[in-house]
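Let's take a friendly walk through a molecular structure together. Have a look at the sequence and the 3D picture first, and then read on.

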Amino acid sequence: MIELADQLFVVLKREILALLPVAIQPLASVFLSIGPIITVFATLFAVTTILERKGLGRLQNRFGPNRVGPFGVLQPLADGIKALIKEDVVPLRTDRVLHFIAPVIIMAAALLAYSVLPFGRNMIALDLDTGVLFFFAVGASTELAIFMAGWSCRNKYAMLGAMRAIAQMISYEIPLILSTVGVLMTAGTLSTVGIVEAQGGFTGLFPNWHVFTPWGFAGFVLFLIAATAEANRSPFDLPEGESELVAGYFTEYSGFKFAMFFFGEYLGLFAAHALAITLFLGGWHAPVAFLDWVPSYLWFFVKLLGLIVLSIWVRGTMPRLRSDQLMVFAWKFMLPMALVNLLAAGLWRFTGAGPLGWLICGSLVAIAYVWLGSHMALGKPMPKRQYRFAE
Amino acid sequence: MNFDLAILSLIIAAGSIGAILFRDLVHSVLSLAVTFFGLAGVYLRLGAEFIAFSQVIVYVGAVAILALFVVILTRKGERAAESRFSADRLLPLAVCSMLFVGLAAAAWSSSIKSRPELASATASMRQLGRELMSSYVVPLEVLGLLLTACMIGATILALNDDRESNPDEDKPHSSH
Amino acid sequence: MLPYLLISSLLFSSGLAAALLRRNAVMVLIGIELMLNAANLNFIVFWKYGPGPATLSPILFVLFSIAIAAAEAGVGLALILAIHRHRQTTNVDEMDSLRG
């Protein structure tokens, strides 16, 4: 009974496939894999928009949207209808082809990234031998689409926003990839299914997740920060900040194309969080041994919701980073930290998982963090505030 | 020739011809990126997954983006009057066409063109990692040194060194 | 194997045409990248279909080739930026101050 609940979707897909004629079974198998993924994540996107707006509202001591349904829960529906019926204004001298395909490529790249993520036991769309590499390859395609979006409008501010966004994305791509190499070394495989399976089992009270090791914890934090920067999300959302550059690289987009960009950005964020869960938080494994009977996909979505709430919290709390601060943070703090993390992950293999390992690897990571962080204090102390008229 | 290989070759051919022929440089770099995607598809079809994804990460994600940045930074406004081709275009065009015809004819008339695929040509990541760390560790380290040297060199070349024009600034500006 | 060899010869010839025919320095680098990609494709095709036992050396060769091409593109593009800053041109026909 527990296994049936756990493998519900796998069994459903197998039964439906058995009912179809043999000739269209491969094609139908593909659609049966990707249909639920798109449906579930589109619903998650709708839920996240309302959760975010109300959450941000509460963090800023105001209500969020509360007109549309009871407590505003039908707000995504209103947003969707608005995006669909808004007039699609395209400026006169834009490059039509590039302007059209940029949101398409962002959506396609964001959706492709979901094919290598294991949502539950035996529930993965594409079990590649090099799954994690596929994920990063798809992320690299997003940058090209952002460039196309900024370039096609022939608008200086859009172009400037696009260049800043791409510079930010390529700077944070290196700490993103380096922070996962420790996990790949320990799990010994690039396949996401293999990495999740390497995190099964419990030692005492704690599960064998990678986040419960010193290098894993540092890697997890680095990965989350780099993923937030890759998705151009606050506190790294200078390229799309409303008060800075109108709307950055999607200034000239309106209506449904803007909604596509928005959707693509959130989908990219969910995919990055899902990869963080797969690599560091044990994928679909339960955190405590006696809750093993809960289906694996439910654990995955609980963890995903937790990370989404964390990212909304960070968005409401921290101020936006300026462009040069962002670059300095990436190149002078995160990159050396990721390299030290890699060294610590390598040492962990020799010292084992006991107190000696925690001592050596943990102190290595902590010393690097403190030393690199002290260089981030950015020189001059803040001067005492001078009031012109209130003395 | 299968359907998917036909589509991929069409994408690659269109991308590479477009890269030569587009008047606007940004369009030609973008069609180069399309060519890289098509090539990654061909590598996947040939079973070299690691190379396919590395191609996308390195070529599309780094080289094409870098070329786009340089194209934008070295633009001279709207200059539609100049020709995009060099003054002497007949001899290079003839040489390139003869090269293509020669290579295609050599491939067509060879005896190896209809060999079957090798069943033992599989590359798992584990084998690649092991080979890289045992037989090919010297090229790997040399590559690391080379990439470091190229990174430092490129940064210095592109550095905006305004020390001659602003003698009272004692801190060099950072690069683009 | 024939379609793959035709693709790689087309890529190599278009790369050569881009490097020889276009006036902009960035286009010359694009041509060089196309030629390198054609060579990489040839390596992988002969690994898959080739005469020899299927070792992993072609794949590693292509990996190193991709990395070196990226490094060379980086340095070449930085050079083009530096030349543009001094000469305000990217036209290779005008960069002839070393001509005898």
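## A residue and its distant neighbours

Leaving aside residues up to four places away in sequence, A:L59 touches A:G316 and A:T317. Keep in mind as you read that this is a predicted model. A:L59 sits in helix α3 of chain A, which covers residues 25-59. Another residue worth finding is A:W313: it is 254 residues away from A:L59 along the chain, yet the two C-alpha atoms are separated by 7.9 Å. Is A:L59 buried or exposed? A:L59 has 14 C-beta neighbours inside 10 Å, so it counts as partly exposed.

## How confident is the prediction?

The model as a whole scores ipTM 0.92 and pTM 0.90. Chain C has an average pLDDT of 91, and 100% of its residues score at least 70. For chain B, the mean pLDDT is 85, and 88% of the residues reach 70 or more. One stretch of chain B asks for care: over residues 169-176 the pLDDT is below 50, although this stretch has twelve contacts in the model beyond near neighbours in sequence. Where pLDDT is low, predicted coordinates should not be read in detail.

## Chain B on its own

What kinds of elements make up chain B? Chain B has six helices and zero strands, and from the N terminus on its elements run α-α-α-α-α-α. Of its 176 residues, 29% count as buried. Looking at the contacts in chain B with a separation of 6 or more, 41% come from residues 24 or more positions apart.

## Which chains touch?

There are two pairs of chains in contact, and chains B and C share the most contacts. Chain A and chain C are joined by no contact, and their closest C-alpha atoms lie 14 Å apart.

In the pair of B and C, 58 residues of chain C are in contact with 68 residues of chain B. On the chain C side, the elements giving two or more residues are α1 (2-21), α2 (25-49) and α3 (57-87). Of these, α3(C) brings the largest share, 20 residues. By class, this side of chain C divides into 44 nonpolar, nine polar and five charged residues.

The contact between chains A and B takes 14 residues from chain B and 16 residues from chain A. On the chain B side, α2 (25-45) and α3 each supply at least two residues, and α3(B) gives the most, with ten residues. This side of chain B has eleven nonpolar, two polar and one charged residues.

## Two helix pairs that share α3(B)

Two packed helices are described by the angle between their axes and the distance between the axes. Here are both values for two pairs.

| Helix pair | Axes come within | Crossing angle |
|---|---|---|
| α6(A) and α3(B) | 9 Å | roughly 25 degrees |
| α2(B) and α3(B) | 8 Å | roughly 175 degrees |

The small table tells you about direction too. With its angle of roughly 175 degrees, α2(B) is therefore roughly antiparallel to α3(B). The residues making this contact include B:L25, B:V29 and B:F36 of α2(B), and B:V56, B:V60 and B:A64 of α3(B). They divide into 20 nonpolar, one polar and one charged.

The other pair joins two chains: α6 of chain A spans residues 131-152, and α3 of chain B spans residues 49-73. These two helices are therefore roughly parallel to each other, and α6(A) passes α3(B) in a left-handed crossing. Among the residues that meet here are A:L133, A:F136 and A:L144 in α6(A), and B:F53, B:V56 and B:V60 in α3(B). This contact divides into 15 nonpolar, two polar and one charged residues.

You may have spotted B:V56 and B:V60 twice: they are listed in the contact with α2(B) and in the contact with α6(A).

## Two loop residues with positive phi

Most residues other than glycine have a negative phi. In A:F71, phi is near 60 degrees, a positive value. A:F71 lies in the loop between α3 and α4 (75-85) of chain A. With 14 other C-beta atoms within 10 Å, A:F71 is partly exposed.

A:N232 also has a positive phi, near 55 degrees. Look for A:N232 in the loop between α9 (214-230) and α10 (256-279) of chain A. Is A:N232 buried or exposed? A:N232 counts as buried because it has 25 C-beta neighbours inside 10 Å.

Notes
Residues numbered from 1 in each chain as written. Chains lettered and ligands numbered in written order. Predicted model: local features only at pLDDT ≥ 70, side-chain atom pairs only at ≥ 80, totals over all residues. Axes fitted to C-alpha atoms, helices over the stretch in contact; angles between N-to-C directions. Helix = DSSP H or I, 4+ residues; strand = E, 2+ residues; numbered from the N terminus. Parallel < 35°, antiparallel > 145°, perpendicular 65-115°, else oblique. Left-handed = near helix turned anticlockwise from the far one by under 90°. Contact = placed C-beta atoms within 7 Å. Nonpolar A, V, L, I, M, F, W, Y, C, P; charged D, E, K, R; others polar. Buried ≥ 20, exposed ≤ 12 C-beta atoms within 10 Å, placed from the backbone. pLDDT = per-residue confidence, 0-100.
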